[in-house]
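Biologist: I should like a close look at one part of this structure, followed by an account of how that part stands beside the rest. Please go through it step by step and give the figures on which each statement rests.

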Amino acid sequence: MIQKIRNSLIMQLICIVFAVLVVLAVTLFTSYLYVRETTLNYTETLSDSLLRQADNALSLYEENLRYNAEALCQFMVMKELGVDEDGPESTSRKKMSEDELQQKKEVQEAQISSYYSQIVLKNREIVSAILFDSDMKTIVSLGKPVDLPEKQLYLRQEEDLNADNYFPESNDFFYAFYYPIYSGTGGGSQKQLGMCVFILEHWRIDGTLHNILNDNMAAMLLSDSNKLNLAFHTFGNITPGVTMSDLRQDSDYIYREGNWQNGIRIALAVSVSGNTSESAGVQKLIVVAAVLSSLLLTIIIFFSYYQMAKPIHELDRFIAESIGHPENRLKMNRTDEIGTVAASLDHMLDENQLMIKEIKNSKIRLYETELAQQKMEILAYRNQINPHFLYNTLSCMRDMALIKDENDIAEMAMALSDIFRYAVKGSNIVTVRDEVSYIDKFARIIEYRFMGKIMIETNAADEVLDKPMIRFFLQPLVENSVFHGLEGKMEDGYVDVRIESVDDRLELVVKDNGCGMDEETLENLREKFTNPRESTGIGISNIVQRLRLFYGDDYRMSVESEIDKGTIIRISVPDHIREP
């Protein structure tokens with residue numbers, strides 16, 4: 001096994017990487033334990049703090065209810081309502097008539113209703129208020145009508161807060177705050193006159209607790225002895241559908257509970273993993289892990305250099321030197337992967353030497369073949385007709401026509417001679433001036449042939465006359481307009497050729513007033529613009545192929561045509577070109 005590792009760089013690298021992974025795993029596990037303990041302590045403190053904040057908030061809310069109850073149930077109000085049966089005021093009321101007592105009671109009820117309206121304006125969760133005397137007889141009922149459940153219908157001696165289904169038509173629970181009303185200032189003279197009850201919607205208390213726990217991953221349950229679950233809220237990424245009982249049994253949660261007024265209980269479950277905070281200990285462990293990782297990586301770097309990079313550098317230097325000395329061989333005495341590569345390189349050089357010899361022989365045979373082909377082409381050129389014989393013949397015809405005063409024939413012969421001279425030019429690139437001159441001579445021949453019925457007019461802007469363009473580029477378009485668009489037309493026809501410069505491009509337009517094309521013929525012609533077919537002629541396909549040869553994809557070509565109105569072909573190419 002040891003020998004196998006020594007003979008393989010891959011095995012050696014795997015062993016080092018495995019050691020790195022072991023060290024990192026141990027370090028991370030230690031860090032995890034430390035973070036877990038720190039987070040657990042933090043979460044316990046957080047749970048106690050949140051529960052304390054909830055208790056304080058609810059106590060403040062209870063104090064606010066007490067203040068409102070005192071404002072509504074002042075001693076004098078209760079006394080004037082006839083709650084207190086002793087004292088001179090009771091005697092004076094006995095002397096009043098029943099109508100006067102009823103009138104006075106209505107005024108006092110209106111006063112209490114006014115107090116109640118002010119209280120509800122500031123405390124919108126209060127939906128009802130009831131004033132009882134010491135015999136639990138209703139004195140005043142304000143707000144939403146409500147009948148206390150039988151189990152709640154008794155006189156409280158102390159403040160009380162509980163929850164119940166006070167409105168049977170609603171499935172929601174409501175809170176009730178019971179505030180006893182006493183006369184006197186305390187001691188033996190203090191006497192209970194009655195009781196005030198506030199019926200409260202639950203959203204105010206739930207919202208208060210929600211604001212306290214909103215920034216933490218926790219759950220809150222509000223319950224009492226009468227109804228187990230009054231409200232249950234989750235905050236953060238707690239699984240939907242989970243109950244407080246589930247969270248209490250979960251080891252990742254710290255559970256705390258407290259008591260508040262008549263058995264109403266607040267229970268909290270705070271997540272340990274969801275409320276993690278950074279600590280200095282974690283940073284130290286990370287630094288230690290980083291140092292250890294750096295040391296191990298340094299070892300890997302040195303190992304990789306001496307066992308892989310340096311030998312590979314020797315291979316590279318040998319390859320560079322082998323260009324000038326192909327007979328040299330590496331011959332490394334190693335049994336690992338680099339030794340295998342060196343042996344393969346030596347074998348490749350041997351095969352390369354044989355291939356070079358075969359290539360040299362192939363080049364010699366190819367050169368002899370090309371030389372024979374050139375000899376055959378020279379022989380073919382010699383067998384071609386000498387164009388000068390054609391020029392001389394046309395010149396002779398012109399002279400004879402002039403002698404016989406046939407000026408038209410002489411001009412046609414001269415134009416045809418110039419056309420042939422232009423046709424045998426060696427270059428494929430000419431100036432716009434040359435191409436326009438050629439079209440003018442072609443136009444003279446067409447005018448004579450059709451006896452003035454067809455006219456060809458060329459217009460080229462001065463700034464484009466010296467611009468380069470493809471030779472014989474316009475003549476096929478003009479010829480198509482004459483023989484396909486105008487020859488079969490009864491009326492006179494014309495072909496208008498225009499060349500202009502637009503944004504460093506040549507805009508070429510060939511327009512005629514010929515027979516035009518139907519939609520099918522027009523679509524076939526446009527198809528040739530994008531997919532030219534092989535052709536030995538000089539039609540549209542030939543023009544498109546020449547455009548692609550000289551301009552690549554940097555050209556635009558379009559055609560418009562209407563029956564009996566004519567055809568317009570537009571071509572746009574760069575104003576610079578070089579022969580490929």
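Modeller: Two strands are taken to pair if DSSP finds at least two bridges between them. The model is predicted, and this should be kept in mind throughout. The part I have chosen is strand E5, together with the strands and loops around it.

Strand E5 covers residues 191-200, and 9 of its 10 residues are buried, so this strand is largely enclosed by the rest of the structure. One of its partners is E1, which runs antiparallel to E5 and is joined to it by 7 bridges. Within that pairing, isoleucine 126 has leucine 200 of E5 as its bridge partner. A further partner is strand E4, residues 174-183, which is also antiparallel to E5 and shares 9 bridges with it. Here alanine 176 is matched with isoleucine 199 of E5. E5 therefore meets the criterion for pairing, at least two bridges, with E1 and with E4.

From E1 the pairing can be followed to E2. These two strands run antiparallel and are joined by 5 bridges, with isoleucine 130 opposite serine 141 in E2. E1 and E2 form a hairpin that has 4 residues between its strands. Methionine 136 belongs to the loop that links strand E1 (126-133) to strand E2 (138-143). Its phi is positive, at about 60 degrees, although the residue is not a glycine. What is the degree of burial of methionine 136? Its relative accessible area is 19%, which is under the 20% cut-off, and therefore methionine 136 counts as buried.

After E2 comes another loop, which leads to strand E3 (160-164) and contains glutamine 157. Beyond four places in sequence, glutamine 157 makes contact with Pro180, Tyr182 and Gln192. Gln192 falls within the range of E5, residues 191-200, while Pro180 and Tyr182 fall within the range of E4, residues 174-183. The C-alpha atoms of glutamine 157 and tyrosine 179 lie 8.4 Å apart, although the two residues are separated by 22 places in sequence.

A second loop residue elsewhere in the chain may be set beside methionine 136. Aspartate 503 is placed in the loop between strand E13 (493-501) and strand E14 (505-512). Its phi is near 55 degrees, again a positive value in a residue other than glycine. With a relative accessible area of 70%, over the 50% cut-off, aspartate 503 is classed as exposed, whereas methionine 136 is buried.

A strand residue outside the chosen part also deserves mention. Threonine 458 belongs to strand E11, residues 454-460, and is buried, with a relative accessible area of 18%. Apart from neighbours within four places in sequence, threonine 458 is in contact with Val436, Ile439, Asp440 and Val497. Valine 495 is 37 residues away from threonine 458 in sequence, and their C-alpha atoms are 8.4 Å apart.

I turn next to open space in the model. Rolling a probe the size of a water molecule over the atoms shows where empty space is left. The largest pocket has a volume of about 450 Å³. Its lining comprises 19 residues, of which Asn480, His484, Met517, Leu525 and Ile540 are the closest to the centre. Two or more lining residues come from each of helix H13 (475-486), helix H14 (519-530), helix H15 (540-551) and strand E16 (566-574). H13 contributes the most, with 5 residues. By type, the lining consists of 6 nonpolar, 11 polar and 2 charged residues.

Asparagine 480 illustrates this region. This residue lies in helix H13 and is partly exposed, with a relative accessible area of 25%. Not counting residues up to four places away, asparagine 480 touches Gly485 and Ile540. Glycine 539 is 59 residues away in sequence, yet the C-alpha distance between glycine 539 and asparagine 480 is 7.8 Å.

Finally, the chain as a whole. It contains 15 helices and 16 strands, and 38% of its 580 residues are buried. Among contacts between residues at least 6 apart in sequence, 61% join residues at least 24 apart. The accessible surface comes to about 35000 Å², with 54% of it belonging to carbon and sulfur atoms.

Methods
Residues numbered from 1 in each chain as written. Predicted model: local features only at pLDDT ≥ 70, side-chain atom pairs only at ≥ 80, totals over all residues. Heavy atoms only, no water. Buried < 20%, exposed > 50% of the residue type's maximum accessible area, 1.4 Å probe, protein only. 1 Å grid on protein atoms, 1.4 Å probe; cavity = no way out; pocket = protein on both sides within 12 Å on 5 of 7 lines; lining within 4 Å. Points joined across faces, edges and corners; volume = space filled by probe spheres on them. Nonpolar A, V, L, I, M, F, W, Y, C, P; charged D, E, K, R; others polar. Contact = heavy atoms within 4.5 Å. Areas by Shrake-Rupley, 256 points an atom, 1.4 Å probe, with all protein chains shown as cover.
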